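Visitor: Please take one helix in this protein and look at it closely. I would like to know how it sits against its surroundings, and then how those surroundings are built.

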Amino acid sequence: MVVRSVEGEITVRVLDHDGVSLGRRAFRRIAQSVNSEAVPPAVRPGLREVATLTMDGCLRRLERAMRTPALSGGTFAVGGNGAGADALIYALKEIGADVGVADTVEEMLERVQSGFFTAGFQVDDRDDGLCMVTRDGILNEVQMLDTAIYALARNTGLMRVPLYLECSHHLEEWLNGQGIETVRIGREEGAAWEVLQNQHDGQTALLVMTEPVCAAVLCAQMCMAEPDWMASPVLREGDVCTVTREIDCAHEKLGTLIRELAAGIDPRDRQLIEGVRVRHQDGFALVQPHASRARCRIVCRASNEEFASELAAMYEDRVRGILGQKDVKREE
């Protein structure tokens, strides 16, 4: 078990023998067992053992995976005040990069575009979030998933890759064109591990796909090895524009919400995995439960910002209608 506190909020991760977080179903079974009289209380409750995944171990895995060694140093900005930012600063220094600190993403973007920084990373410990700042703009968490998976495909011999539902169709088509099988999954680590296990770089890939700091380090290594790697059409074309929104939704209403959203949609145009994903022309919309809060998350992707925003507005209206929140003002 890994327990941590961020801004007064405590999170608990229960890991299996492979070091993979248990999913929601397993947590529900544990909760039911704990509440059952058949399970006796702990005789000696308390902290028994603390195990940490060292950053050095992650760096060794990432170093072994890199096919193209870094040719020159880089200077990266890091934002955030938690353990994630501290770990990233340490890791970047270990791979030979210079590190600076920026107080805001806006400041980071200005200094990256001026050439002072190679790139920047903002780490959010509260939601395990990560955004990357490049000369062309800010990559949000969803776009970072595409970027990290593309970097993995470039630097490993993976033949099967899990793709989160948020990931772009264009990336999927490119991976398939490289002879790499793709499997669409939800956000539970166990689903990703089922696809990655028994592959040489499977554990490295799992780290990159589930730990924001590892994804940032891999992207930084690529920047140092190939400064123009993010100009690839794989990351610049197709459904690259992303709009995300979140709406309060009680846990007990999520099942009804997903069923009503999926009703009437051609099964060929939808996927029901931890929510509902609906394909549209030149894009898609995804509605899924928030990972840790009583909220639902809307992710819309398209080839242009206007259509992605239209999709997000349409699905937000649908969700609020089903939840009886029609009179709630939308947050733009």
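**A helix and its neighbours**

Guide: Helices α5 and α9 are oblique to each other, because they pack at an angle of about 60°, which is neither under 35 degrees nor within the range of 65 to 115 degrees that counts as roughly perpendicular. Their axes are 10 Å apart. Please keep in mind that this is a predicted model.

The helix to follow is α5, which covers residues 141–155. In passing α9, helix α5 makes a left-handed crossing. On the α5 side, the contact is made by M144, T147, A148, A151, L152, R154 and N155. On the α9 side, A215, L218, C219 and M222 take part.

Two residues of this region are worth a separate look. Start with M144, which is placed in helix α5. M144 counts as buried because its relative accessibility is 4%, and the limit for buried is under 20%. Beyond its neighbours within four places in sequence, M144 is in contact with L130, C131, M132, L139 and C219. Of these contacts, C219 belongs to the α9 side of the packing described above. L130 is 14 residues away from M144 in sequence, and the two C-alpha atoms are 7.4 Å apart in space.

Next comes I149. Setting aside the residues within four places in sequence, I149 is in contact with V161, P162, L163, C167, L171, L175 and M209. I149 also belongs to the largest nonpolar core, which has 61 residues. Along with F76, L88, F121, M132 and W229, I149 is among the residues that touch the most other members of that core. Helix α9 (residues 212–225) gives the most to this core, namely twelve residues. There is also a second, separate core of 23 residues, which includes I247, L257, V276 and A302.

Helix α9 has another packing partner as well. Helix α2 (residues 55–65) packs with α9 at an angle of about 40°, and their axes are 11 Å apart. That angle makes α2 oblique to α9. The crossing of α2 and α9 is right-handed, whereas the crossing of α5 and α9 is left-handed. From α2, the residues M55, C58, L59, L62 and E63 meet V213, C214, V217, L218 and Q221 of α9. L218 appears in the contact with α2 and also in the contact with α5.

Now to the sheets that α5 meets. One is an open sheet of five strands in the order β4-β3-β5-β6-β7, with mixed pairing. Its edge strands, β4 (98–101) and β7 (137–139), each pair on one side only. Ignoring direction, neighbouring strands of this sheet are turned by 25° against each other on average. Helix α5 lies across β6 and β7 and runs at about 80° to β7. Helix α4 (residues 105–113) lies across β3, β4, β5 (119–124), β6 (129–134) and β7, at about 30° to β6. At the β4 end of the order, β3 (residues 75–79) and β4 pair in the parallel sense over four bridges. Within that pairing, V78 has V101 in β4 as its bridge partner.

The other sheet is also open and has five strands, in the order β10-β14-β13-β12-β11, with antiparallel pairing. Here the edge strands are β10 (241–248) and β11 (270–271), each paired on one side only. Helix α5 packs on this sheet too, touching β10 and β14 (295–302), and its direction makes about 60° with that of β14.

At the β11 edge, two bridges join β11 to β12 (residues 276–280), and the two strands run antiparallel. R270 stands opposite V278 in β12. The loop between β11 and β12 holds E274. Although E274 is not a glycine, its phi is positive, near 50°. E274 is partly exposed because its relative accessible area is 25%. The loop between β12 and β13 (283–289) holds D282. Phi of D282 is also positive in a residue other than glycine, near 65°. With a relative accessible area of 52%, D282 is exposed.

For the wider setting, the protein has twelve helices and 14 strands. Of its 332 residues, 46% count as buried. Among contacts between residues at least 6 apart in sequence, 60% join residues at least 24 apart.

Notes:
Residues numbered from 1 in each chain as written. Predicted model: local features only at pLDDT ≥ 70, side-chain atom pairs only at ≥ 80, totals over all residues. Heavy atoms only, no water. Pairing = 2+ DSSP bridges. Contact = heavy atoms within 4.5 Å. Axes fitted to C-alpha atoms, helices over the stretch in contact; angles between N-to-C directions. Core = buried A, V, L, I, M, F, W, Y, C linked by side-chain atoms within 4.5 Å. Buried < 20%, exposed > 50% of the residue type's maximum accessible area, 1.4 Å probe, protein only. Parallel < 35°, antiparallel > 145°, perpendicular 65-115°, else oblique. Left-handed = near helix turned anticlockwise from the far one by under 90°.
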